[in-house]
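This report goes through a single protein chain, beginning with its surface and overall fold and ending with one of its pockets. Please keep the sequence and the structure in view while reading.

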Amino acid sequence: VSIADRSLSGENPYLDAFWALIALAGSRCGVAEMLSTLAAPPLQRRFDIDEDLLARLSDWVDSLNVRFGLDTEHRRKWNLPESITAGTWDSALDRLFMGLAVPAEDIFEGPGGVAPHDDISVTDAPMLALVGDFLALVRQLVDRIDSVHTVREWADIFTSILDDFFDESENSEIHCRVLVDAIDRLVAAADRAHAADQDTFA
């Protein structure tokens, strides 16, 4: 289903970010895909993350050996057993939050068997919370697109991307107008064909 003209990509950073999020949700959520998506200017503004904080996040990813997968359940799609927890974004977040709560030099293993990460301080807490928010929204998007939907349901999903991942500034509203109009046209076309609530698309 065509949502918006991809030829506009490059001219509209919000359109680029929208397609990047769709691609991310259908991917293994590897390090390159995740960091490049979060580096999109509209997402940096929404989650208040600048280049310095992205570099900090990249350092954490390297030191914690993040590979792919939001969590063990997400990695089951690629036939990895749930007993292998290392290398996911979820396990990395657990170690980072544990590092905030319990200094690594004080304990080797925290509650639940989570080892605190040693390269984190209280000044990193606001950024870590924002990264956690971003990953939670990505997880919700992955869960929503991982099935068939009616045209109207897809329209709701696309609208939720705009609401969840972009800020509410006037600049955002202007750039997102092409996507809002495309979503409206999609539903209107399906309504005319009496297919908005019957047919399903993967």
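## Surface and burial

How much area does the protein chain expose, and what percentage of it do carbon and sulfur atoms supply? In this predicted model, the exposed area of the protein chain comes to about 10600 Å², and carbon and sulfur atoms account for 51% of that area. The protein chain has 202 residues, of which 43% count as buried.

## Fold and contacts

Nine helices and two strands make up the secondary structure elements assigned to the protein chain, and their order along the sequence reads α-α-α-α-α-α-α-β-α-α-β. Among contacts in the protein chain with a separation of 6 or more, 62% come from residues that are 24 or more positions apart.

## The second largest pocket

The second largest pocket, with a volume of about 240 Å³, has a lining of 14 residues. Those that lie nearest its centre are Leu 162, Asp 163, Glu 173, Cys 176 and Val 180.

Which helices each supply at least two residues of this lining? They are α8, which covers residues 151-165, and α9, which covers residues 170-192; of the contributions to the lining, that of α9 is the most, at seven residues. By residue class, the lining of the second largest pocket divides into six charged, five nonpolar and three polar residues.

Terms used
Residues are numbered from 1 along each chain as its sequence is written. This is a predicted model: local features need pLDDT of at least 70, side-chain atom pairs count only at pLDDT 80 or more; totals for chains, interfaces and linings use all residues. Side-chain values use heavy atoms; hydrogens and water are left out. On a 1 Å grid over the protein atoms alone, a cavity is a set of points where a 1.4 Å probe fits but cannot get out, and a pocket is an open set with protein on both sides within 12 Å along at least five of seven lines; lining residues have an atom within 4 Å of a point. Grid points are joined across faces, edges and corners, and a volume is the space filled by probe spheres set on the points. Helices (H or I, at least four residues) and strands (E, at least two) are DSSP runs, numbered from the N terminus. Ala, Val, Leu, Ile, Met, Phe, Trp, Tyr, Cys and Pro count as nonpolar, Asp, Glu, Lys and Arg as charged, and the others, Gly among them, as polar. Buried means under 20% relative accessible area, exposed over 50%, partly exposed in between (1.4 Å probe, protein chains only). Contact means heavy atoms within 4.5 Å. Accessible areas come from the Shrake-Rupley method with a 1.4 Å probe; for residues, only the protein chains shown count as cover.
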